[in-house]
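I opened my notebook for another look-up session today. Below are my entries, in the order I made them.

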Amino acid sequence: MNRTTLSLLAAATALAAVTGFAAVTAPDADDTTATSKTPARLPVERSSLLCPAPSTSELAETVYTSFTPGGTAGGGTGGVAELAPSVAPLDDTDAADDEKKTDEGTTDDPAKDDETKDDEAKKPAADGADTKAKPFLAVKGPGKPVSATKNAADAPALVGSATGALAPGWTTQQTTTITAGDSRALLGMSCTPPDTDFWFPGASTDKSRQDYVHLTNPDDTAAVADIALYGKEGTLKSSTGEGIPVPARSSVPVLLSTLTAEAEPNVTVHVSTRTGRVGAVVNAAEEKVGGDWLAASADPAPRLVLPGVPEDATSVRLVVFAPGEDDAELKVQLAGKSGTIVPATAGETLNVKSGMTASLDLGDVTKGEAGSVKLGPAEGGGETPVVAALRVVRGKGTNQEVAFIPATGPVTERATVADNRAKGSTLSLTAPSGTGKVKVTASAGSEGGEQVVKTYTVKGGTTQAVTPPVPTGLKGSYALTVEPESGGPVHAARTLAETKDGVPMFTVQTLPDDRGMVSVPATKEDLSVLK
């Protein structure tokens with residue numbers, strides 16, 4: 001195999017790690033404009049998404065909304081985009097039993113134990129086992145969302161994939177409403193692609209919290225995952241966080257407080273796989289303030305943006321972790337409507353020790369003006385990569401609600417979030433440096449309506465919190481797609497909000513780039529084996 005073919009295989013392999021599984025088609029051999037020095041931008045031909053089991057509450061109502069944006073250059077026609085229940089959904093008791101069985105099978109030789117776990121992970125599903133379930137939700141074509149509702153506590157985890165024209169930019173929103181009881185909350189998340197490495201600053205093992213990390217395996221062979229926990233003094237002792245089996249096409253919730261005896265209010269969770277790949281997300285429930293999903297932070301970087309802090313936030317806590325060998329000295333700023341400031345509660349710098357979790361209470365930092373938190377090296381500080389998230393509370397007294405905002409990257413080509421409503425949706429756009437211009441497309445509604453397009457110019461160092469455009473004649477819900485047009489980078493987040501019995505319920509989803517396009521080296525070789 002020649003070097004050009006190897007390069008394309010490497011590109012496809014790298015993309016698979018990002019989007020779950022992505023295939024690409026080589027550029028047309030007759031395209032004389034393509035050279036080895038000018039990689040072609042091509043749409044992915046396959047992508048995967050995983051949605052965890054939404055709730056154990058009998059009062060829960062979960063709405064799933066799935067969508068693929070239209071207009072992808074070179075996207076072709078045809079394809080499917082379907083989500084189906086995981087074949088063997090587990091509860092935490094099942095997961096604990098599996099861990100117990102694993103522990104009973106261990107020896108005094110750690111190397112031998114690891115080898116045994118890896119061998120177990122490589123086993124395929126049992127002969128005759130049904131590894132395919134009937135689709136629960138299927139997109140019919142680009143440009144129009146589809147939705148389905150599931151009530152009570154039996155809503156399963158979902159696994160699925162999209163192919164052909166439905167793969168680039170495919171997204172699914174899972175929104176759960178629980179209106180009563182200790183677990184009352186509005187919980188939302190964008191279903192995640194599988195990967196091998198995740199960071200979750202902002203989790204907790206405190207007695208007031210019940211945080212579960214949900215591990216969902218999309219493949220037909222088992223995966224083996226490790227969960228490491230880091231508190232303010234470093235690694236939290238755990239004897240059960242390594243070698244957690246995740247059966248084929250199944251989901252396993254792991255209660256963080258069962259992994260360690262140390263109760264910490266601010267914890268960073270690191271999920272990695274030693275075999276296979278999983279989707280990972282944290283479900284955080286807290287006494288008196290409800291709960292929400294905590295999505296993974298953007299990859300470690302010296303500069304981060306956490307967009308979408310509501311104007312009426314009553315409490316904001318920043319949680320940061322430095323995964324490398326160097327400490328980080330960070331400047332904490334707030335980008336608001338009129339510019340960027342250093343909040344009085346932020347102090348001069350935030351010191352984050354290597355391998356330790358740092359936190360900073362910012363209070364009601366927005367003070368009536370929606371904003372976004374910016375992190376970067378303090379003057380004279382090094383370019384130390386960090387991960388970060390915000391815990392945000394709205395309301396007071398007994399009428400409080402919590403949500404989480406992880407750091408997210410800019411929209412480089414396109415990003416989409418589904419399940420927007422005619423009322424209660426807010427789109428936050430942040431330009432951390434130079435002025436940026438973006439196009440926002442409101443799709444057709446799930447039950448009717450025509451798409452609407454609007455452009456926004458965001459001045460450098462500011463945040464615009466806008467009521468997004470609504471499709472003409474909207475019926476049902478709709479999707480928002482953000483695309484950069486010119487200028488500097490723009491980060492985005494969407495807030496869903498509704499008030500129930502005086503409680504200002506809300507959830508925030510960031511809009512990372514959908515990575516629906518990939519650069520592929522031009523070649524005239526026959527690469528049909530990659531299709």
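These notes go from confidence to rings, then to strands and backbone angles.

**Entry 1: confidence**

I began with the caveat that this is a predicted model. I read a mean pLDDT of 86 for the protein, with 82% of its residues at 70 or more. I then looked up where the pLDDT drops below 50, and residues 25-35 came up. Beyond near neighbours in sequence, I found 17 contacts for this stretch in the model. Residues 116-131 also have a pLDDT below 50, and here I noted 24 contacts beyond near neighbours in sequence.

**Entry 2: aromatic rings**

How many aromatic pairs does the structure hold? I got 5. One of them joins Phe-198 and Phe-200: the ring centres are 6.2 Å apart and the planes meet at 15°, so I logged this pair as stacked. I checked burial next. Phe-198 counts as buried because its relative accessibility is 7%, under the 20% cut-off. Phe-200 is buried as well, with a relative accessible area of 0%.

I moved on to Trp-199, which pairs with Tyr-230. Is this pair stacked or tilted? I wrote down tilted, with 6.3 Å centre to centre and 40° between the planes. Trp-199 sits in strand β10 (residues 197-203) and Tyr-230 in strand β12 (residues 223-231), so the pair ties together parts that are 31 residues apart in sequence. Both Trp-199 and Tyr-230 are buried. Following the ring pairs, I found Trp-199, Tyr-230 and Phe-321 linked into a cluster.

I also looked for a charge over a ring. Arg-394 lies over the face of Phe-506, 5.2 Å from the ring centre.

**Entry 3: an open sheet**

I traced an open sheet of 4 strands with antiparallel pairing, in the order β33-β29-β36-β37. Which strands stand at the edges? They are β33 (462-466) and β37 (503-510); each has a single partner strand, so one side of each is left without a neighbour in the sheet. Ignoring direction, I read an average turn of 20° between neighbouring strands of this sheet.

I then zoomed in on one pairing. Strand β29 (residues 425-431) runs antiparallel to β33, and 5 bridges join them. Among the residues here, Thr-430 has Thr-463 in β33 as its bridge partner.

**Entry 4: strand β30**

Strand β30 (residues 436-442) is mostly covered, with 5 of its 7 residues buried. I looked up its partners. With strand β32 (residues 452-458), β30 shares 7 bridges, and the two run antiparallel; Thr-441 stands opposite Val-453 in β32. With strand β35 (residues 478-487), β30 pairs over 7 bridges, also in the antiparallel sense. There I noted Lys-439 opposite Glu-483 in β35.

**Entry 5: positive phi**

My last search was for backbone angles that stand out. Most residues other than glycine have a negative phi. Arg-249 has a positive phi, near 50°, and lies in the loop between β14 (244-246) and β15 (251-255). Asp-501 has a positive phi near 50° too, and I found Asp-501 in the loop between β36 (491-500) and β37.

Is Arg-249 buried or exposed? Arg-249 counts as buried because its relative accessibility is 10%. For Asp-501, I read a relative accessible area of 73%, so this residue is exposed.

Conventions
Residues are numbered from 1 along each chain as its sequence is written. This is a predicted model: local features need pLDDT of at least 70, side-chain atom pairs count only at pLDDT 80 or more; totals for chains, interfaces and linings use all residues. Side-chain values use heavy atoms; hydrogens and water are left out. Rings of Phe, Tyr and Trp (its six-membered ring) pair if their centres lie within 6.5 Å; planes under 30 degrees apart count as stacked, over 60 as edge-to-face and the rest as tilted. Buried means under 20% relative accessible area, exposed over 50%, partly exposed in between (1.4 Å probe, protein chains only). A charge sits over a ring if NZ of Lys or CZ of Arg is within 6 Å of the ring centre and within 35 degrees of the ring normal. pLDDT is the predictor's confidence in each residue, from 0 to 100. Contact means heavy atoms within 4.5 Å. Two strands pair if DSSP finds at least two bridges between them. Axes are lines fitted to C-alpha atoms, for helices over the stretch in contact, and angles run from 0 to 180 degrees between N-to-C directions.
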